[in-house]
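Trainee: I would like to go through the labels on this model one by one. For each, I want the value, the cut-off and the conclusion.
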Amino acid sequence: MKIQKTLIYSSIFAIGLAACGGGNTPSNVTAPGDEKSSKDKVLNTGADLMQDKSPLKKFNAYLDGFHFYNGNINAQMEAHHYVNQLNEDVYQAIIFDGNEGSPKIMGIEYIITPKLFKTLTEEEKKLWHSHVHEVKSGTLIAPGIPEVAEKELMEKLVNTYGKTIHTWHTDQERTLPVGSPMIMMGFTKDGQINKELVDARDKRFNVSTAEKRKNRADIKALPIDPMANAWEKGEIRQFVISKKADSAVHKHQGKPVQPQHH
(Lines give C-alpha, C1' and ligand atoms only; values in the text may rest on other atoms or scores of the structure.)
Protein backbone atom coordinates (compact mmCIF):
# COMPACT_ATOMS: atom_id res chain seq x y z
CA MET A 1 0.00 0.00 0.00
CA LYS A 2 2.81 2.41 0.87
CA ILE A 3 4.60 1.71 -2.44
CA GLN A 4 1.36 2.20 -4.37
CA LYS A 5 0.70 5.47 -2.54
CA THR A 6 4.20 6.70 -3.34
CA LEU A 7 3.81 5.77 -7.01
CA ILE A 8 0.52 7.64 -7.21
CA TYR A 9 2.08 10.74 -5.66
CA SER A 10 5.10 10.44 -7.95
CA SER A 11 2.84 10.36 -11.00
CA ILE A 12 0.84 13.34 -9.76
CA PHE A 13 4.10 15.12 -8.98
CA ALA A 14 5.47 14.59 -12.49
CA ILE A 15 2.21 15.71 -14.13
CA GLY A 16 2.03 18.77 -11.89
CA LEU A 17 5.58 19.78 -12.71
CA ALA A 18 4.93 19.47 -16.41
CA ALA A 19 1.65 21.36 -16.20
CA CYS A 20 2.32 24.48 -14.16
CA GLY A 21 4.12 26.03 -11.23
CA GLY A 22 6.42 28.40 -13.07
CA GLY A 23 6.67 31.16 -15.59
CA ASN A 24 5.59 33.98 -13.28
CA THR A 25 8.81 35.34 -11.79
CA PRO A 26 11.36 37.16 -13.96
CA SER A 27 15.02 37.54 -13.05
CA ASN A 28 16.05 40.45 -10.83
CA VAL A 29 18.67 41.76 -13.27
CA THR A 30 19.66 41.86 -16.91
CA ALA A 31 23.22 40.80 -17.60
CA PRO A 32 25.26 43.24 -19.68
CA GLY A 33 26.36 42.16 -23.14
CA ASP A 34 25.34 42.15 -26.76
CA GLU A 35 22.30 40.24 -27.92
CA LYS A 36 22.95 36.67 -29.06
CA SER A 37 23.85 36.54 -32.73
CA SER A 38 21.82 34.56 -35.27
CA LYS A 39 24.68 32.07 -35.47
CA ASP A 40 24.63 31.58 -31.69
CA LYS A 41 20.88 31.06 -31.73
CA VAL A 42 21.21 28.37 -34.42
CA LEU A 43 24.03 26.67 -32.50
CA ASN A 44 22.01 26.76 -29.28
CA THR A 45 18.96 25.30 -31.00
CA GLY A 46 21.04 22.55 -32.56
CA ALA A 47 22.70 21.71 -29.26
CA ASP A 48 19.32 21.64 -27.53
CA LEU A 49 17.98 19.16 -30.06
CA MET A 50 21.05 16.95 -30.47
CA GLN A 51 22.94 16.87 -27.19
CA ASP A 52 22.01 14.70 -24.25
CA LYS A 53 21.47 16.54 -20.95
CA SER A 54 20.88 13.58 -18.66
CA PRO A 55 22.10 15.24 -15.41
CA LEU A 56 19.76 18.21 -15.95
CA LYS A 57 16.77 15.98 -16.70
CA LYS A 58 16.97 14.63 -13.16
CA PHE A 59 16.39 18.04 -11.59
CA ASN A 60 12.68 17.31 -11.62
CA ALA A 61 11.29 18.99 -8.50
CA TYR A 62 10.68 22.71 -8.05
CA LEU A 63 10.68 24.39 -4.63
CA ASP A 64 10.20 28.07 -3.88
CA GLY A 65 11.41 29.52 -0.60
CA PHE A 66 13.45 32.27 1.01
CA HIS A 67 17.05 32.76 2.16
CA PHE A 68 19.08 35.38 4.00
CA TYR A 69 22.80 36.08 4.19
CA ASN A 70 24.43 34.35 7.13
CA GLY A 71 25.15 37.19 9.55
CA ASN A 72 22.61 39.61 8.08
CA ILE A 73 19.02 38.45 8.54
CA ASN A 74 17.69 41.68 7.03
CA ALA A 75 19.20 40.82 3.62
CA GLN A 76 16.47 38.47 2.39
CA MET A 77 15.45 37.14 -1.00
CA GLU A 78 13.22 34.62 -2.76
CA ALA A 79 14.97 31.55 -4.15
CA HIS A 80 13.74 29.18 -6.86
CA HIS A 81 15.16 25.69 -6.28
CA TYR A 82 15.29 23.00 -8.97
CA VAL A 83 16.02 19.78 -7.10
CA ASN A 84 17.55 16.39 -7.91
CA GLN A 85 17.21 13.61 -5.33
CA LEU A 86 20.41 11.54 -5.46
CA ASN A 87 19.21 8.93 -2.95
CA GLU A 88 17.07 8.63 0.17
CA ASP A 89 19.43 10.86 2.16
CA VAL A 90 20.94 13.39 -0.26
CA TYR A 91 19.42 16.05 -2.53
CA GLN A 92 21.09 18.74 -4.61
CA ALA A 93 19.51 21.90 -5.97
CA ILE A 94 20.31 24.61 -8.50
CA ILE A 95 18.96 27.95 -7.29
CA PHE A 96 17.68 30.63 -9.68
CA ASP A 97 16.44 34.17 -9.08
CA GLY A 98 13.34 33.55 -11.21
CA ASN A 99 11.46 30.93 -13.19
CA GLU A 100 10.91 32.55 -16.58
CA GLY A 101 12.79 34.40 -19.29
CA SER A 102 16.51 34.33 -18.50
CA PRO A 103 16.77 33.62 -14.76
CA LYS A 104 20.24 33.80 -13.23
CA ILE A 105 21.82 30.95 -11.30
CA MET A 106 22.07 32.42 -7.81
CA GLY A 107 23.74 29.40 -6.25
CA ILE A 108 23.34 25.85 -5.03
CA GLU A 109 21.97 23.97 -2.05
CA TYR A 110 22.84 20.54 -0.73
CA ILE A 111 20.22 18.84 1.44
CA ILE A 112 20.80 15.86 3.73
CA THR A 113 18.80 13.85 6.25
CA PRO A 114 19.45 13.87 10.03
CA LYS A 115 21.22 10.51 9.68
CA LEU A 116 23.95 12.08 7.58
CA PHE A 117 23.94 15.39 9.45
CA LYS A 118 24.98 13.53 12.60
CA THR A 119 28.16 12.40 10.84
CA LEU A 120 29.40 15.97 10.22
CA THR A 121 31.99 17.67 12.41
CA GLU A 122 30.78 20.35 14.81
CA GLU A 123 32.44 23.09 12.76
CA GLU A 124 30.89 21.83 9.53
CA LYS A 125 27.42 21.75 11.09
CA LYS A 126 27.64 25.51 11.64
CA LEU A 127 27.37 26.01 7.87
CA TRP A 128 24.00 24.24 7.66
CA HIS A 129 20.43 25.29 8.45
CA SER A 130 17.34 23.34 9.42
CA HIS A 131 14.14 23.17 7.35
CA VAL A 132 11.60 22.62 10.14
CA HIS A 133 10.28 26.19 10.25
CA GLU A 134 10.35 26.63 6.47
CA VAL A 135 8.13 23.58 6.08
CA LYS A 136 5.83 24.05 9.09
CA SER A 137 5.31 27.78 8.43
CA GLY A 138 4.25 27.16 4.83
CA THR A 139 6.91 29.48 3.42
CA LEU A 140 8.56 26.62 1.50
CA ILE A 141 6.28 25.51 -1.34
CA ALA A 142 6.34 23.17 -4.32
CA PRO A 143 4.38 25.15 -6.94
CA GLY A 144 2.15 23.41 -9.42
CA ILE A 145 1.53 20.06 -7.72
CA PRO A 146 -1.58 18.92 -5.82
CA GLU A 147 -1.71 19.76 -2.12
CA VAL A 148 -1.63 16.09 -1.12
CA ALA A 149 1.58 15.48 -3.10
CA GLU A 150 3.16 18.68 -1.82
CA LYS A 151 2.45 17.68 1.78
CA GLU A 152 4.06 14.28 1.26
CA LEU A 153 7.14 15.99 -0.14
CA MET A 154 7.25 18.36 2.83
CA GLU A 155 7.04 15.41 5.21
CA LYS A 156 10.27 14.16 3.65
CA LEU A 157 11.99 17.55 3.82
CA VAL A 158 10.89 18.80 7.25
CA ASN A 159 13.75 17.19 9.20
CA THR A 160 16.48 17.72 6.60
CA TYR A 161 19.36 20.20 6.73
CA GLY A 162 20.59 22.46 3.94
CA LYS A 163 23.96 23.97 3.06
CA THR A 164 23.37 26.90 0.72
CA ILE A 165 25.89 28.99 -1.17
CA HIS A 166 24.94 31.96 -3.35
CA THR A 167 27.38 32.92 -6.09
CA TRP A 168 25.47 35.68 -7.94
CA HIS A 169 23.88 38.31 -5.73
CA THR A 170 21.15 39.54 -8.05
CA ASP A 171 19.09 40.58 -5.01
CA GLN A 172 21.66 43.37 -4.68
CA GLU A 173 21.07 44.23 -8.35
CA ARG A 174 24.51 43.00 -9.31
CA THR A 175 24.35 42.42 -13.06
CA LEU A 176 27.43 40.15 -13.00
CA PRO A 177 28.47 37.45 -10.49
CA VAL A 178 31.01 39.65 -8.73
CA GLY A 179 32.21 39.47 -5.16
CA SER A 180 32.69 36.52 -2.87
CA PRO A 181 30.26 33.58 -2.69
CA MET A 182 28.14 33.80 0.44
CA ILE A 183 26.73 31.24 2.86
CA MET A 184 22.98 31.56 3.23
CA MET A 185 20.62 30.55 6.00
CA GLY A 186 16.94 29.67 6.37
CA PHE A 187 14.36 31.20 8.71
CA THR A 188 13.74 29.49 12.05
CA LYS A 189 11.00 31.51 13.77
CA ASP A 190 7.91 33.59 13.07
CA GLY A 191 8.53 37.29 12.60
CA GLN A 192 11.95 36.92 10.98
CA ILE A 193 10.93 37.04 7.33
CA ASN A 194 9.77 40.18 5.55
CA LYS A 195 6.00 39.71 5.18
CA GLU A 196 5.98 41.69 1.93
CA LEU A 197 8.27 39.11 0.33
CA VAL A 198 5.90 36.29 1.23
CA ASP A 199 2.77 38.19 0.20
CA ALA A 200 4.26 39.04 -3.20
CA ARG A 201 5.25 35.40 -3.74
CA ASP A 202 1.80 34.14 -2.72
CA LYS A 203 0.11 36.53 -5.13
CA ARG A 204 2.28 35.44 -8.07
CA PHE A 205 1.66 31.73 -7.41
CA ASN A 206 -1.93 32.17 -6.24
CA VAL A 207 -1.21 30.29 -3.00
CA SER A 208 -1.76 30.99 0.69
CA THR A 209 1.18 30.48 3.03
CA ALA A 210 -1.26 30.75 5.97
CA GLU A 211 -3.41 27.92 4.60
CA LYS A 212 -0.36 25.75 3.94
CA ARG A 213 0.72 26.33 7.52
CA LYS A 214 -2.63 25.02 8.77
CA ASN A 215 -2.48 22.03 6.43
CA ARG A 216 1.01 21.10 7.65
CA ALA A 217 0.29 21.42 11.37
CA ASP A 218 0.31 17.64 11.80
CA ILE A 219 3.67 17.12 10.09
CA LYS A 220 5.95 15.70 12.74
CA ALA A 221 9.30 17.40 13.27
CA LEU A 222 12.26 15.96 15.13
CA PRO A 223 14.32 18.06 17.56
CA ILE A 224 16.77 20.25 15.64
CA ASP A 225 20.47 19.53 16.12
CA PRO A 226 21.77 22.38 18.33
CA MET A 227 24.83 22.81 16.10
CA ALA A 228 22.70 23.79 13.08
CA ASN A 229 21.52 27.39 12.61
CA ALA A 230 24.69 28.54 14.41
CA TRP A 231 23.90 32.17 13.52
CA GLU A 232 21.18 32.14 16.20
CA LYS A 233 23.94 31.85 18.82
CA GLY A 234 26.10 34.50 17.17
CA GLU A 235 28.37 31.96 15.47
CA ILE A 236 28.67 33.43 11.99
CA ARG A 237 30.58 31.71 9.21
CA GLN A 238 31.21 33.38 5.86
CA PHE A 239 33.52 33.00 2.89
CA VAL A 240 36.48 35.30 2.38
CA ILE A 241 38.71 35.62 -0.65
CA SER A 242 42.11 34.22 0.32
CA LYS A 243 45.60 34.52 -1.16
CA LYS A 244 46.15 30.83 -0.47
CA ALA A 245 46.24 28.61 -3.53
CA ASP A 246 44.12 25.91 -1.93
CA SER A 247 42.48 26.09 1.48
CA ALA A 248 40.65 22.75 1.21
CA VAL A 249 41.19 20.22 4.01
CA HIS A 250 41.95 17.52 1.45
CA LYS A 251 44.38 18.87 -1.11
CA HIS A 252 43.94 18.32 -4.82
CA GLN A 253 46.44 16.22 -6.73
CA GLY A 254 49.74 17.92 -7.29
CA LYS A 255 51.27 20.99 -5.73
CA PRO A 256 49.84 24.39 -6.57
CA VAL A 257 51.71 26.28 -9.27
CA GLN A 258 53.64 29.18 -7.79
CA PRO A 259 53.56 32.52 -9.63
CA GLN A 260 56.75 33.42 -11.46
CA HIS A 261 58.38 36.69 -10.46
CA HIS A 262 60.47 38.43 -13.10
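Mentor: We will take the overall picture, then the salt bridges, then a lysine in a loop, then the cavity. Keep in mind that this is a predicted model.

Trainee: What does the overall picture hold?

Mentor: The protein has nine helices and seven strands. Of its 262 residues, 39% count as buried. Among contacts between residues at least 6 apart in sequence, 70% join residues at least 24 apart.

Trainee: How many salt bridges does a search of the whole structure find?

Mentor: The search finds 19.

Trainee: Why is the pair Lys-156 and Glu-88 called a salt bridge?

Mentor: The closest N and O atoms are 2.9 Å apart. The cut-off is within 4 Å, for a side-chain nitrogen of Lys or Arg and a carboxyl oxygen of Asp or Glu. Lys-156 and Glu-88 therefore form a salt bridge.

Trainee: What makes that pair a link between distant parts of the chain?

Mentor: Lys-156 is in helix α7, and Glu-88 is in the loop between β2 and β3. They are 68 residues apart.

Trainee: Why is Glu-88 called exposed, while Lys-156 is called partly exposed?

Mentor: Glu-88 has a relative accessible area of 52%. Exposed means over 50%, so Glu-88 is exposed. Lys-156 has 34%. Partly exposed runs between 20% and 50%, so Lys-156 is partly exposed.

Trainee: How do you know that Glu-147 and Lys-212 form a salt bridge?

Mentor: Their closest N and O atoms are 3.4 Å apart. That is within 4 Å, so the pair qualifies. This pair also links distant parts of the chain: Glu-147 lies in helix α7, Lys-212 in helix α9, 65 residues apart.

Trainee: Is Lys-212 buried or exposed, and why?

Mentor: Lys-212 has 8% relative accessibility. Buried means under 20%, so Lys-212 counts as buried. Its partner Glu-147, at 35%, counts as partly exposed.

Trainee: Where do Lys-195 and Asp-199 lie?

Mentor: Both are in helix α8. They are four residues apart, about one turn of the helix. Their closest N and O atoms are 2.7 Å apart, so the pair meets the 4 Å limit for a salt bridge. Lys-195 is exposed at 58%, and Asp-199 is partly exposed at 36%.

Trainee: Now the loop. Why is Lys-126 called buried?

Mentor: Lys-126 is found in the loop between α5 and β5. Its relative accessible area is 11%, under the 20% cut-off, so Lys-126 is buried.

Trainee: What makes the pairing of Lys-126 with Glu-235 a polar contact?

Mentor: The distance between the two side chains is 3.2 Å. The limit is within 3.5 Å, so the distance fits. Salt bridges that share partners also join Glu-123, Lys-126, Glu-235 and Arg-237 into one network. Not counting residues up to four places away in sequence, Lys-126 touches Met-185, Met-227, Ala-230, Glu-235 and Arg-237.

Trainee: How many cavities of 30 Å³ or more does the structure hold?

Mentor: One. About 80 Å³ of space lies in the largest cavity.

Trainee: Which residues line the largest cavity, and what are their classes?

Mentor: The lining includes His-67, His-81, His-129, His-131, Glu-109 and Glu-134. By class it has four nonpolar, five polar and two charged residues. Glu counts as charged, so Glu-109 and Glu-134 are in the charged class. β1 and β4 each supply at least two residues of the lining.

Note on methods
Residues numbered from 1 in each chain as written. Heavy atoms only, no water. 1 Å grid on protein atoms, 1.4 Å probe; cavity = no way out; pocket = protein on both sides within 12 Å on 5 of 7 lines; lining within 4 Å. Points joined across faces, edges and corners; volume = space filled by probe spheres on them. Buried < 20%, exposed > 50% of the residue type's maximum accessible area, 1.4 Å probe, protein only. Polar contact = N/O pair within 3.5 Å; in protein donor to acceptor, adjacent residues only side chain to side chain. Contact = heavy atoms within 4.5 Å.
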